[in-house]
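Please look over the structure shown here before reading on. The report after it is meant for a reader who meets this structure for the first time.

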Amino acid sequence: MSALVKQSFLMNLPWRWLLNRLFNGGLTLVIVLSLTFILLRLMPGGPFDNPKLPESVKLALEARYHLNSPLWEQLVSYFQGLLRGDLGPSLVNEGRTVADLLKDSVPVSLALGLLAGVIGIPAGVGIGLWLGLTEGTKNWQAALVEGLLVLILASPSFLIAGGLVWLFAVKLAWLPVALLSTPAHWVLPVATLCSVPIVSCSFLVKKSVIETKNQLYVTLKYAYGLPNKLILLKHLLKPSLLPLVAVSAPLLANLLTGSFAVEYLFAIPGMGKQFIAAIINRDYTVVLGLTGLYALFLLVFNLISDGLLVLIDPRLKESTNQ
Amino acid sequence: MQSAVVPPKANNPLLVSLQSTWGTWGLALVILGALSVPFLGQDATFIHVKSPLLAPFSNFSFPLGTDDLGRDLLSRLAVGATISLLVGSVVGGLSALAGLALGLLGGLNEGKSIDTAINRLIDLVYSLPSLVIVVLMAVFLEPFILNLLPTTVNSTDWIRPVVKVTGLILALAFFSWPDTAKIIRAETLRLVREPFVEAYYSLGGGIGRLITKHLLPNLAPYLLLSLTLSVPRAILTESTLSFIGLGIEAPLSSWGTLAAEGWYLLKTAPHILVLATAGILLSMLCFHQITQQIDRQFARK
């Protein structure tokens with residue numbers, strides 16, 4: 001029996017949809033990498049532009065990394081390397097590969113972003129639920145929280161970070177200002193990153209709860225005498241699940257790819273910092289690796305969220321199949 | 001032939017309701033501040049060596065004080081408003097134009113290959129890591145545009161920062177138009193199914209007049225809505241990039257560069273950060289208020 005259920009569940013999964021999406025994702029990745037490759041090469045300057053470097057040494061270095069062969073040949077050989085799982089050597093950091101460098105920075109950014117998402121999304125849902133339920137009653141705390149959320153929505157991330165650092169690190173001196181070593185160092189960067197999912201999730205859930213709470217079927221559930229908690233979770237939160245899943249993927253991807261300002265302010269050795277340094281130094285392979293990874297994160301998160309949406313509501317197969 | 005919709009009049013409910021929000025008036029204040037640069041009587045880039053880091057309201061000729069180099073903060077704030085609003089409005093305008101054109105093109109040719117192509121392009125832009133590519137494009141476009149210009153213009157010293165801003169604007173607009181195109185396409189799809197469009201076609205009307213007389217007036221509120229979303233986002237991204245040092249460059253300055261400066265001087269001159277913050281926050285809150293008002297007006301329909 002259970003084997004049968006399992007089999008039919010596997011059969012019913014949208015395999016064709018998944019294959020289609022994977023193919024499109026791969027294509028997008030190839031386009032992103034090719035575009036970045038061409039953009040990088042059209043930029044003036046190169047990794048070995050050092051006035052102290054003799055011309056012969058520069059030429060030898062360029063020959064060593066095959067920078068003087070035709071552009072399309074380099075592109076093809078880069079993709080050949082990628083297929084073998086080889087991201088190439090770093091051009092500026094002597095003796096280190098791109099994979100090596102990514103191993104230093106990616107876990108940091110990934111941990112920060114995921115932590116912010118894991119804390120921020122449920123917190124946003126909770127706040128949204130509370131705001132939706134108190135809507136219409138003259139609750140001053142709710143009005144205060146809502147005003148605060150609008151203020152956070154209106155501020156760029158460096159302002160939120162600045163405010164938090166000024167209050168908790170400078171004035172109160174409870175927490176360290178920057179860097180990442182002890183758990184206490186993680187509090188302020190994660191709190192800054194959290195603000196985005198908290199604001200967007202709470203507004204989304206609030207809107208949905210306000211729409212749902214006065215529906216007749218919800219009143220009926222109260223009349224039945226169902227426990228409050230059950231009504232909240234099952235009937236008030238459920239309608240917001242679909243838009244929540246749809247919004248979480250770009251949110252999480254943005255937390256990972258958009259933490260430039262936070263990494264800059266807190267001097268965190270993550271992907272954003274590495275990316276900026278690599279652009280300035282014209283470290284072509286590192287820029288390519290990071291851009292590809294950013295695009296990959298975005299694609300994977302979008303795929304997961306669209307997959308969840310399709311599982312929740314199979315009618316969406318059409319609209320999410322690019 | 002009579003137009004099927006009432007053309008926007010002075011008592012258009014959307015415009016009337018916008019007049020009654022403080023968002024519109026706050027934004028007008030910011031624009032007024034940006035336009036006041038030539039009337040302030042101070043050069044924002046002039047360095048007054050003898051009076052660095054003056055506190056606000058302490059000196060009559062520098063009403064809001066000076067920064068660490070002795071530059072007048074009031075005029076720097078106004079210049080910042082000019083640059084931030086300029087970037088925001090040009091990005092908004094470009095993405096509105098591109099979004100309107102491509103959204104209409106897709107919506108009027110639903111299901112045809114041109115529509116599919118536009119949709120694919122939108123999906124591609126959405127799947128790009130935007131901030132990363134904006135940084136890359138802004139760095140790349142600067143020398144690229146410089147190479148295109150004739151050498152006589154090229155050698156003037158004001159051209160570099162201007163070209164840098166242009167590159168940033170183009171990069172931001174590239175990621176901003178798909179939102180507008182999506183809204184316009186969906187709305188066009190809804191409109192072309194309305195009976196008045198069918199009546200228009202059956203009377204032998206052409207496509208050009210349909211767009212200018214019938215579709216555009218109906219699309220205008222949606223275009224306004226997409227502008228109130230794209231302009232503040234461009235301003236916010238620009239200020240974040242300028243803050244990290246990848247956006248606007250000296251001698252130009254925006255609220256983001258001013259905030260970066262205030263950040264370094266937080267302990268000695270906190271008023272610099274407060275002023276830059278006030279500029280950004282005020283305009284963002286105004287845009288938020290206007291968006292909410294338009295949303296409310298749509299919900300009332």
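What follows describes the two chains in turn, then the contact between them, and then a few places in chain B.

## Chain A

The model is a predicted one, and every value below was computed from it. Chain A holds 15 helices and zero strands, and its C-alpha atoms fill a box of roughly 85 × 60 × 35 Å when the box is taken along the principal axes. Of its 322 residues, 45% count as buried, and among its contacts with a separation of 6 or more, 72% are accounted for by residues 24 or more positions apart.

The accessible surface of chain A is about 17,000 Å², and carbon and sulfur atoms hold 69% of that surface. Chain A also carries 23 positive and 16 negative charges, and the mean positions of these two sets lie 12 Å apart.

## Chain B

Chain B has eleven helices and, once more, zero strands, so that its pattern along the sequence reads α-α-α-α-α-α-α-α-α-α-α. In this chain of 301 residues, buried residues make up 52%. Where contacts in chain B join residues at least 6 apart in sequence, 73% of them link residues at least 24 apart. The area that chain B exposes is about 14,300 Å², with 68% of it supplied by carbon and sulfur atoms.

## Where the chains meet

The size of an interface is often expressed as the accessible area that is lost when the parts come together. Here chain B and chain A bury about 3,200 Å² between them, and 85% of this area is on carbon and sulfur atoms. Within the area that chain B buries against chain A, L136(B), F140(B) and I244(B) supply 18%, which is more than any other three residues. The contact as a whole draws 38 residues from chain A and 33 residues from chain B.

## An enclosed helix in chain B

Helix α10 of chain B, residues 255-264, is largely enclosed by the rest of the structure, because nine of its ten residues are buried. The buried residues include W255(B), G256(B), E261(B) and W263(B). Their surroundings come from both chains: the buried residues of α10(B) pack against α7 (157-171) and α12 (260-265) of chain A, and also against α2 (22-35), α3 (73-108), α9 (207-244) and α11 of chain B.

At the N-terminal end of α10(B), S254(B) acts as a cap, with a side-chain oxygen placed 3.1 Å from the backbone nitrogen of G256(B).

## Two threonines compared

Which part of chain B holds T268(B), and which holds T291(B)? T268(B) is found in the loop between α10 and α11 of chain B, while T291(B) belongs to helix α11, residues 270-300. The two are 23 residues apart in sequence, and their C-alpha atoms are 38 Å apart in space.

Is each of them buried or exposed? T268(B) has a relative accessible area of 60%, and because this is over 50% it counts as exposed. T291(B), by contrast, has a relative accessibility of 11%, and because this is under 20% it counts as buried. The side chain of T291(B) reaches the backbone oxygen of F287(B) at 2.7 Å. When neighbours within four places in sequence are left aside, T291(B) is in contact with L225(B), T228(B) and L229(B).

Terms used: Residues numbered from 1 in each chain as written. Chains lettered and ligands numbered in written order. Predicted model: local features only at pLDDT ≥ 70, side-chain atom pairs only at ≥ 80, totals over all residues. Heavy atoms only, no water. Helix = DSSP H or I, 4+ residues; strand = E, 2+ residues; numbered from the N terminus. Buried < 20%, exposed > 50% of the residue type's maximum accessible area, 1.4 Å probe, protein only. Contact = heavy atoms within 4.5 Å. Areas by Shrake-Rupley, 256 points an atom, 1.4 Å probe, with all protein chains shown as cover. Lys, Arg positive; Asp, Glu negative; His and termini not counted. Charge placed at Lys NZ, Arg CZ, Asp CG, Glu CD. Polar contact = N/O pair within 3.5 Å; in protein donor to acceptor, adjacent residues only side chain to side chain. Buried area = accessible area lost by both parts, 1.4 Å probe.
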